[in-house]
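Here are my notes for you, written as a numbered list. Keep the structure open beside them and look up each part as you read.

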Amino acid sequence: MLGLVAVALGVVMVLILLVEIASTGNLSQQHPEIDTGSGEDEHEKRDIITTEGPLKHPKLPKTQDSVGNIKPSELLLRGKTAGNDQPRRKKGANQHPPLIKDKLTLVLCTWSGDTEGFPRVEMLFSSVSKFLSKKSLHELLLVVPDGDFPHFKQEFQQRTVGFPVRLVADERLKTLEKEEMLSLTPKGELKENGGRGANYRMQMLLKLLISKEVQTAFYITLDNDVFFKRPTEFSDLIINGKAIVQGREAGRHRASWWSASGTILQNPHDCGSSLVRDPFQIGVTPAILHTHATRSLISTIEARNGTFDRILFQYLSNKGTADWTEYTLYWSFICVKNYGEVLHTHLPDRRLYDTSGFAWSSFDSYDVDAVFKDNSTFFGVVQSISGAPSADVIKALSPRFV
């Protein structure tokens with residue numbers, strides 16, 4: 001009897017959550033653990049560089065300095081080197097306005113030192129302009145190291161790309177200094193020892209921490225090697241308020257990723273191991289994340305008396321929690337909270353991305369025509385392990401975005 005009552009209560013809670021999402025997009029009324037972040041600190045128009053039209057010098061908004069003189073804005077870009085000398089993010093520091101429900105935010109974390117990936121950024125931008133409906137896109141958030149800010153700032157003051165772009169310094173999102181981040185990274189993961197490096201782990205966390213800056217209900221994570229490959233509307237990716245997921249791919253996720261994330265979240269439903277076998281499953285980049293749920297994940301971790309990035313880097317030193325990823329943390333969290341089928345949907349005939357550019361040396365047999373003709377997926381990905389230099393990838397794909 002008690003078991004039936006518990007099941008009934010669970011069904012009722014899910015129905016309540018569905019009604020909330022459909023009517024207001026606010027999960028906090030019945031579920032305070034989902035942080036909606038409603039508050040007065042709204043992002044103003046001056047925080048956005050709107051880059052519309054052909055390549056030209058954009059007209060930048062004006063802002064008023066402390067002595068009342070009007071000058072070209074130095075506060076457009078969220079980072080101290082852009083003239084906005086703000087402190088690092090503090091635990092629970094941000095408040096947010098209600099989120100926009102009918103548009104998407106794109107998120108790209110990049111840096112100029114990525115010699116293979118960075119040259120592809122312009123091609124990715126061209127694919128956004130070519131294929132993503134303007135009415136569906138709120139903005140693209142470009143997360144860059146603080147040291148890259150002058151370069152990117154100058155670039156976007158000299159040219160336009162056809163859609164709104166906002167630069168965000170990673171210093172604004174993370175709390176770990178470089179030295180501490182390196183000290184918390186296991187020696188085997190450091191680049192000098194053959195690993196991917198501490199920045200690889202931090203980039204995972206930035207894809208979650210950026211949720212504090214996102215102004216839409218859902219956002220899409222991108223990498224330099226991702227591109228849109230077919231016309232895309234908001235309604236193609238968000239079905240009745242639910243974001244589509246890639247679905248399980250054999251061999252794409254390691255079992256240790258799920259077990260580490262499940263252990264970190266102390267799940268009562270064995271979410272970590274059960275998700276390894278579940279076809280209703282998140283993929284890798286690109287992925288669509290629910291903004292409130294991501295913020296709630298961060299708040300849940302930070303409730304353990306620390307900041308999100310520091311706590312996750314500390315988990316790297318424990319074998320049972322070391323192999324977390326951004327997506328297994330997110331998906332395990334919504335599994336623990338029973339939000340999976342409330343926030344996402346899996347459609348067998350509609351997947352997020354094509355996988356023919358994921359395997360080692362796969363570019364040798366990469367069929368560009370077939371990839372672009374396949375309308376069951378929205379993104380293409382040609383990873384560095386595919387064996388082709390960026391110049392060859394750009395030469396093969398760029399004509400599709402003219």
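The points below go through helix pairs, sheets and a few single residues in this predicted model.

1. Let's begin with how to talk about helices that pack together. Two packed helices are described by the angle between their axes and by the distance between those axes. Keep both in mind for the pairs that follow.

2. Find helix α7, residues 255-264, and helix α11, residues 326-336. Their axes are 9 Å apart, and the packing angle is about 55°. That angle makes α7 oblique to α11. As for the hand, α7 passes α11 in a right-handed crossing.

3. Which residues of α7 meet α11? On the α7 side they are W257, W258, S261, G262 and I264. Across from them, α11 brings T328, L329, W331 and S332. Sorted by class, this contact has 5 nonpolar and 4 polar residues, with no charged ones.

4. Now look at D323, which sits in the loop between α10 (308-315) and α11. With which side chain does the side chain of D323 make a polar contact? The partner is W257, at 3.5 Å. You have already met W257 as one of the α7 residues that meet α11. Leaving aside residues up to four places away in sequence, D323 touches R201, R254, S256, W257 and A260.

5. Next come helix α5, residues 198-209, and α10. Here the axes lie 11 Å apart and the helices pack at about 140°. Is α5 oblique or roughly antiparallel to α10? The cut-off for roughly antiparallel is over 145 degrees, and the angle here makes α5 oblique to α10. The crossing of this pair is right-handed.

6. What do these two helices bring to their contact? From α5 you'll find A198, R201, M202, L205, L208 and L209. They meet F308, D309, L312 and F313 in α10. The contact divides into 8 nonpolar and 2 charged residues, and there are no polar ones. Note R201 in passing: it is also among the residues that D323 touches.

7. Stay with α10, but turn to helix α9, residues 291-302. The axes of α9 and α10 come within 9 Å and cross at roughly 65°. That makes α9 roughly perpendicular to α10. This crossing is left-handed.

8. For the residues in that contact, look at L297, I298, I301 and E302 in α9. They meet F308, I311 and L312 in α10. You saw F308 and L312 earlier, where they meet residues of α5. By class, the contact of α9 with α10 has 6 nonpolar residues, 1 charged and no polar.

9. On to the sheets. Strands of a sheet pair through backbone hydrogen bonds, and they can do so in parallel or antiparallel fashion. One open sheet has 3 strands in the order β9-β10-β12, with mixed pairing. At its edges are β9 (238-239) and β12 (344-345), each of which pairs on one side only.

10. Zoom in on β9 and strand β10, residues 242-244. These two run antiparallel and are joined by 2 bridges. Which residue in β10 is the bridge partner of I239? It is K242. The loop between β9 and β10 holds N240. Check the backbone of N240: its phi is near 50°, a positive value in a residue other than glycine.

11. Another open sheet of 3 strands has the order β8-β14-β13, and its pairing is mixed too. The edge strands are β8 (226-228) and β13 (351-353), each pairing on one side only. From one strand to the next, the twist averages 30°. Between β8 and strand β14 (residues 377-381) there are 3 bridges, and the two strands run antiparallel. For an example, take F227, whose bridge partner in β14 is G380.

12. One last spot to check is P286. Where is the place of P286? Look in the loop between α8 (271-274) and β11 (287-290). The peptide bond leading from T285 to P286 is cis, with omega near 5°.

Note on methods:
Residues numbered from 1 in each chain as written. Predicted model: local features only at pLDDT ≥ 70, side-chain atom pairs only at ≥ 80, totals over all residues. Heavy atoms only, no water. Axes fitted to C-alpha atoms, helices over the stretch in contact; angles between N-to-C directions. Helix = DSSP H or I, 4+ residues; strand = E, 2+ residues; numbered from the N terminus. Parallel < 35°, antiparallel > 145°, perpendicular 65-115°, else oblique. Left-handed = near helix turned anticlockwise from the far one by under 90°. Contact = heavy atoms within 4.5 Å. Nonpolar A, V, L, I, M, F, W, Y, C, P; charged D, E, K, R; others polar. Polar contact = N/O pair within 3.5 Å; in protein donor to acceptor, adjacent residues only side chain to side chain. Pairing = 2+ DSSP bridges.
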